[in-house]
Amino acid sequence: MPNFSAVLVEDEPLLLQGLAAHLTTLWPELDTSRTAKDGVEAVKIISEKMPDIVFLDIHLPGLNGLEIARLVSGRCHVVFVTAYAEYAAAAFEEGALDFVVKPIVAERLAVTTARLRQRVTEPPTDVTEALRRLTNLRQPEYIRWIQATVGNQIKFVPIEEIIYFQADAKYTKVVSKRGECHIRRSIKELVDGLDPDAFWQVHRGTIVQTNKIDAVTRNGEAMTLKLIGCGDKIAVSLPYQPLFKQRT
Amino acid sequence: MTSKIVKFALPYEWKAWGLAALAILIVWFLDGGRNVWFTWLVRLLVSYSLAIGLAGQVVPAFGLFGKVVAVILSASLAAVLTEHALSLLPTLPYPAQLGGMKDELISTAFSSYLLISSIMQEESNRQAKSERQMIDLKLNALQAQIEPHFLYNTLANVQQLVRSTPQVADQMLQHLITYLKAAIPDVRNGRGLLGQEVDRAKSYLQIMQIRMGERLQFTIKIDDDLRQIAIPPLGLLTLVENAVQHGIDRLPEGGTVTISGTKDDKKLILKVIDNGVGFGDEIGSGMGLTNLRERLVTLYGKHAKLDLAHASPRGVEATLELPLETNLKLQTP
């Protein structure tokens with residue numbers, strides 16, 4: 001039986017030591033001498049050394065573990081080493097992905113190494129699909145604050161205070177009760193990150209916080225919104241007008 | 001803060017009305033079955049509604065004294081109003097019985113009972129509610145502070161240290177204990193001393209230093225004479241955790257966190273500066289800073305300030321300004 005090699009990727013030195021020690025006990029023939037402490041270093045070492053197995057921490061400086069896995073998928077066997085329930089354990093269990101939870105329990109790691117010993121001679125599975133499902137399983141986290149640089153100062157606006165976003169040349173204007181500022185995020189990117197119940201897109205270039213809407217005025221085809229906390233009138237373009245019709 | 005109108009929980013209301021009915025029956029029998037029940041019913045209704053009204057208006061403002069006044073007022077008003085109301089109805093069979101001493105006593109006792117128990121019920125409801133709020137607050141603070149991530153990773157480090165260098169494992173556990181004690185804030189008095197807060201931040205930094213190795217350096221420049229100043233619990237820790245997690249830990253080469261504090265006549269100025277990646281991202285879903293800002297507004301209104309600025313050559317400089325004179329507000333829960 002030929003000797004197999006692994007690359008261990010972990011940013012915390014003690015955890016790296018611990019993982020190496022556990023693996024040496026459980027699988028003495030496995031070469032675990034190559035390690036990386038951040039994502040960029042990891043990708044470099046993996047592509048140079050082409051190990052059979054990669055043990056990946058998920059939270060890393062540079063690229064994170066999931067991004068690294070995507071890059072090396074199909075080229076080596078991937079095992080995630082992750083802190084408690086960071087990603088849905090079930091998704092790992094069923095799929096091509098294996099994982100070990102930190103703090104490492106020797107018995108659990110033994111199950112993984114036993115599985116690896118069996119599979120290591122087979123070509124590594126393409127885990128791209130499993131990774132995609134895993135990423136989808138993560139709870140969506142909505143944007144909770146916006147920050148904009150004004151001079152040297154970073155303005156920090158909690159999402160609740162924002163009245164509306166409006167596309168403004170290359171930037172997006174953020175209007176809140178604290179005043180205006182500009183950010184580089186596009187309206188489209190913001191729509192994806194905002195809670196759809198709290199923020200409505202009412203125009204190709206405008207997103208309004210629903211609880212800041214005071215009144216809706218209709219004048220023929222045109223529809224405008226009067227807002228609470230600012231005098232600006234916001235136009236609702238035709239495709240978005242049904243949002244308001246449903247609720248009258 | 002206190003509700004204007006006393007609301008009765010359904011079971012309690014049933015109990016009160018049941019007792020009222022029982023009292024009417026007893027009096028009716030004692031009076032030899034004469035038609036006194038109608039008088040009593042009216043009197044009880046008046047006294048009950050007065051008691052509710054008075055309890056809502058007087059009691060919250062005047063405390064125990066208010067309660068006593070409300071009892072006496074509602075009972076006597078009930079008696080007077082009932083007599084007046086009934087004397088307007090000449091068709092009633094036994095008007096002469098009204099105003100008797102015995103009736104007065106029973107009426108007073110009964111309306112007192114109603115009022116006092118209604119107040120006690122309300123008080124205990126209010127207490128339970130504020131206790132629940134406290135627990136929620138505590139849990140939120142706890143959840144916001146101790147990510148399972150942090151805890152499990154730290155324990156994983158301890159596990160390895162026990163094998164490799166037990167002395168450092170011992171130190172690590174000491175730091176962890178200090179940190180955990182700190183992360184469950186003393187919400188009852190809602191304050192902490194700067195000295196304690198600095199110790200908490202330090203224990204966090206020491207844990208992270210063991211975990212991250214040479215990637216993390218820190219300096220703390222806080223004079224001893226500042227340690228007795230009251231500051232909101234966990235405020236400093238939030239800023240330090242942000243600097244480490246979002247600034248330094250994102251850089252492969254790591255960096256330094258500097259905590260400093262100064263004071264003038266009016267305010268305390270705390271700075272947490274890091275030379276990490278800086279605020280690259282324009283949007284975020286973190287709760288730490290949002291929570292801290294909310295707490296500052298609750299405690300100091302407009303008198304406290306939290307500013308974030310780009311540090312040079314890179315990183316973030318967070319400045320927390322707290323007024324010294326309104327520090328008194330923190331000391332009275």
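**Notebook: two chains and where they meet**

I opened with the strands that cross between the chains: β7(A) and strand β7 (residues 305-310) of chain B run antiparallel and are joined by two bridges. In this pairing I found Gln153(A) bridged to Ala309(B) of β7(B). A reminder to myself: this is a predicted model.

**Entry: the contact between the chains**

Next I looked up who takes part in the contact. I noted 34 residues from chain A and 31 residues from chain B. On the chain A side, α1, β6 (145-150) and β7 (153-158) each supply at least two of the residues that touch chain B. Which element gives the largest share of that side? My note says α1(A), with five residues. By character, the chain A side divides into 19 nonpolar, seven polar and eight charged residues.

**Entry: helix α1 of chain A**

Since α1(A) came up at the contact, I went back to look at the helix itself. Helix α1(A) covers residues 13-26, which is 14 residues. I read 20 Å from its first C-alpha to its last, close to the 20 Å expected at 1.5 Å a residue. Then I listed its buried residues: Leu14(A), Leu15(A), Leu16(A), Gly18(A), Leu19(A) and Leu23(A).

**Entry: helix α5 of chain B**

I did the same for a helix in the other chain. Helix α5(B), residues 148-164, has 17 residues. Its reach from first C-alpha to last is 24 Å, close to the 24 Å expected at 1.5 Å a residue. Its buried residues are Phe150(B), Asn153(B), Thr154(B), Ala156(B), Asn157(B), Val158(B), Gln160(B) and Leu161(B).

**Entry: strand β5 of chain A**

Why did I write down strand β5(A) as largely enclosed by the rest of the structure? Four of the five residues of this strand (residues 98-102) are buried, so that is how I described it. For its neighbor, I found strand β4 (residues 77-83) of chain A, which pairs with β5(A) in the parallel sense over five bridges. Within this pairing, Phe80(A) has Phe99(A) of β5(A) as its bridge partner.

**Entry: two cis peptide bonds**

Most peptide bonds are trans, and I went looking for exceptions. One cis bond joins Lys102(A) and Pro103(A), with omega about -5°. Pro103(A) sits in the loop between β5 and α5 (106-119) of chain A. In chain B, I found a cis bond between Ser312(B) and Pro313(B), with omega about 0°. Pro313(B) is in the loop between β7 and β8 (316-323) of chain B, and β7(B) is the strand I began with, bridged to β7(A).

**Entry: two positive phi values**

Most residues other than glycine have a negative phi, but I noted two that do not follow this. Met50(A) has a phi near 45° and lies in the loop between α2 (39-49) and β3 (53-57) of chain A. Buried or exposed, I asked of Met50(A)? Met50(A) is exposed, with 12 other C-beta atoms within 10 Å. Ala169(A) has a positive phi of about 50°, in the loop between β8 (162-168) and β9 (171-176) of chain A. Ala169(A) is also exposed, with 7 other C-beta atoms within 10 Å.

**Entry: the chains as wholes**

Last, I jotted down the totals. Chain A has eight helices and 15 strands, and 35% of its 248 residues count as buried. Chain B has ten helices and eight strands, and 35% of its 333 residues count as buried. Of the contacts with a separation of 6 or more, residues 24 or more positions apart account for 52% in chain A and for 73% in chain B.

Key
Residues are numbered from 1 along each chain as its sequence is written. Chains are lettered from A and ligands numbered from 1 in the order in which they are written. This is a predicted model: local features need pLDDT of at least 70, side-chain atom pairs count only at pLDDT 80 or more; totals for chains, interfaces and linings use all residues. The expected span of a helix is 1.5 Å times one less than its number of residues. A residue is buried if 20 or more other C-beta atoms lie within 10 Å of its own, exposed if 12 or fewer, and partly exposed in between; C-beta atoms are placed from the backbone. Two strands pair if DSSP finds at least two bridges between them. Two residues are in contact if their C-beta atoms, placed from the backbone, lie within 7 Å. Ala, Val, Leu, Ile, Met, Phe, Trp, Tyr, Cys and Pro count as nonpolar, Asp, Glu, Lys and Arg as charged, and the others, Gly among them, as polar.
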